[in-house]
Amino acid sequence: MENTRCDVVIVGGGAAGLSAATTLARALRSVMVIDSGAPRNAPAAGVHGFLSRDGIRPGELLAAGRREVLSYGGTLIDGEAVSARRTPDGFDVMTDDGRRISGRRLLVTTGLTDELPPIEGLREQWGKGVVHCPYCHGWEIRGQRIGVLGTGPLSMHQALLFRQWSPEITLFLNDTVEPTDEEWEKLAARSITVVDGAVASVDAADGVLRGVTLRSGHAFDVQAVAVASRLEARSHLLESLGLVPQPHPSGAGRFVAVDPMGGATAVRGVYAAGNVTNPMAQVVTAAADGVMSGARINADLIDEETRWAVEGRFGPFSAASEDAVFTAVMGQRRYGLEVSDR
Ligand SMILES: Cc1cc2nc3c(=O)[nH]c(=O)nc-3n(C[C@H](O)[C@H](O)[C@H](O)COP(=O)(O)OP(=O)(O)OC[C@H]3O[C@@H](n4cnc5c(N)ncnc54)[C@H](O)[C@@H]3O)c2cc1C
């Protein structure tokens, strides 16, 4: 790879990062996307809730996004970004294989990690028989016997939520959920079965989820399991720039706070979008976030270039930036203003 300098470095090539990259490339910005190839929904068979793309394989959606980025001149880099630091011109991002990618702005779209309780068989079924979000998977398991695995206060909410998709809900308290009197009343009113005791395993045969077994040995015949994973922002890179994730108000995990208008962080020039900033974002939401961030970053660069043009300076990397400055300089000449040389 020859050129490692660009207008915008994007770390994370999921729905958020690729959407931002397309927006920026279409705005004639040089953009490089570093991606380690582990999108959050990789274990799922299909993407649901994305208008016009219902059921598309997650890998297929991203492959189409990657093609779009390339078609507008964006650059895709396979690798893991391990650290970032500020430079006089912007930011340097280091990859795990020792490359340095420099950009005037940095956008982080690294997503989040779903932390699962250490229960035998759970991870193997994640995204298949074990699900977290009824808007992603509820239709596919509608009417089935669904077990809700207790992990904390959010499991109560999840049991009542999944009840919309099936009348046969069993809440496994798993020694972690203690319903209040009011909650017991709600569970009873919605005919939700409650099972006391710690869960030992989620059981499958031939890759299909068959049930849940307690440590006591009691086995329950369920066809799907819902679990509220802990949603931890993949914020390592942002943390290396001093941006610390904070607890999400829902209690679901941690996220990095950004400005809602395009994802500006508390560090000037650093932006973030998608699940790393909003744990509730679905694919279409993350993509929309990416578009907003792309537009916001472009506006930020335009502000900078306009300032340079007024001062008679030129941008360091972008041909498009130089065009903008050239236009501004010509304008200054037209008005008989003093213009400094390049
Ligand atoms: C099992 C499951 C099923 C789901 N199903 C649906 C569904 O049907 N519909 C729906 O709308 N949503 C679904 N979701 C939610 C969906 O996965 C997220 O909304 C979406 O992935 C968020 O996109 P993102 O771009 O923010 O993050 P991601 O898609 O997670 O992309 C982040 C990217 O950044 C990369 N990355 C991370 N760190 C680094 C680094 N340091 N250097 C380089 N690259 C890095 C990762 O490899 C990854 O490619 C599902 C989630 C799960 C867990």
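These legends go with close-up views of ring pairs and charged contacts in a predicted model.

**View 1. Tyr135 and Trp165 meet edge-to-face.** The whole model has 3 aromatic pairs. In this one, the ring centres of Tyr135 and Trp165 are 5.6 Å apart, with 85° between the planes. The contact ties together distant parts of the chain: Tyr135 belongs to helix H3 (residues 134-137), while Trp165 is in the loop between helix H4 (154-162) and strand E10 (169-172), and 30 residues separate the two. Bring Phe162 into the frame as well, and you have one aromatic cluster made of Tyr135, Phe162 and Trp165.

**View 2. Phe172 pairs with Phe220.** Here the centres sit 5.4 Å apart and the planes make an angle of 80°, which is over 60, so this pair is edge-to-face. Again distant parts of the chain are linked, with Phe172 in strand E10 and Phe220 in strand E14 (residues 219-220), 48 residues apart. Buried or exposed, what is Phe172? Its relative accessibility is 1%, so Phe172 counts as buried. Phe220 is partly exposed, at a relative accessible area of 27%.

**View 3. Arg142 puts its charge over Trp139.** The charged end of the arginine is 3.9 Å from the centre of the Trp139 ring.

**View 4. Asp92 and Arg85 make a salt bridge.** A search of the whole structure turns up 18 salt bridges, and this is one of them, with 3.1 Å between the closest N and O atoms. Asp92 has 6% relative accessibility and counts as buried, whereas Arg85, at 46%, is partly exposed.

**View 5. Lys186 and Glu182 form a salt bridge within helix H5.** The N to O distance is 3.8 Å. Both residues lie in H5 (residues 181-189), 4 residues apart, or about one turn of the helix. How exposed is each end? Lys186 is partly exposed at 39% relative accessible area, and Glu182 counts as exposed at 51%, because the cut-off for exposed is over 50%.

**View 6. Arg230 bridges to Glu232.** The closest N and O atoms of this salt bridge are 3.2 Å apart. Arg230 is partly exposed, with 38% relative accessible area, but Glu232 is buried at 11%.

**View 7. Salt bridges with shared partners build a network.** Asp7, Arg29, Arg104, Arg105, Asp300, Glu304 and Glu305 are all joined into one network this way.

Note on methods
Residues are numbered from 1 along each chain as its sequence is written. This is a predicted model: local features need pLDDT of at least 70, side-chain atom pairs count only at pLDDT 80 or more; totals for chains, interfaces and linings use all residues. Side-chain values use heavy atoms; hydrogens and water are left out. Rings of Phe, Tyr and Trp (its six-membered ring) pair if their centres lie within 6.5 Å; planes under 30 degrees apart count as stacked, over 60 as edge-to-face and the rest as tilted. Buried means under 20% relative accessible area, exposed over 50%, partly exposed in between (1.4 Å probe, protein chains only). A charge sits over a ring if NZ of Lys or CZ of Arg is within 6 Å of the ring centre and within 35 degrees of the ring normal. A salt bridge is a side-chain nitrogen of Lys or Arg within 4 Å of a carboxyl oxygen of Asp or Glu.
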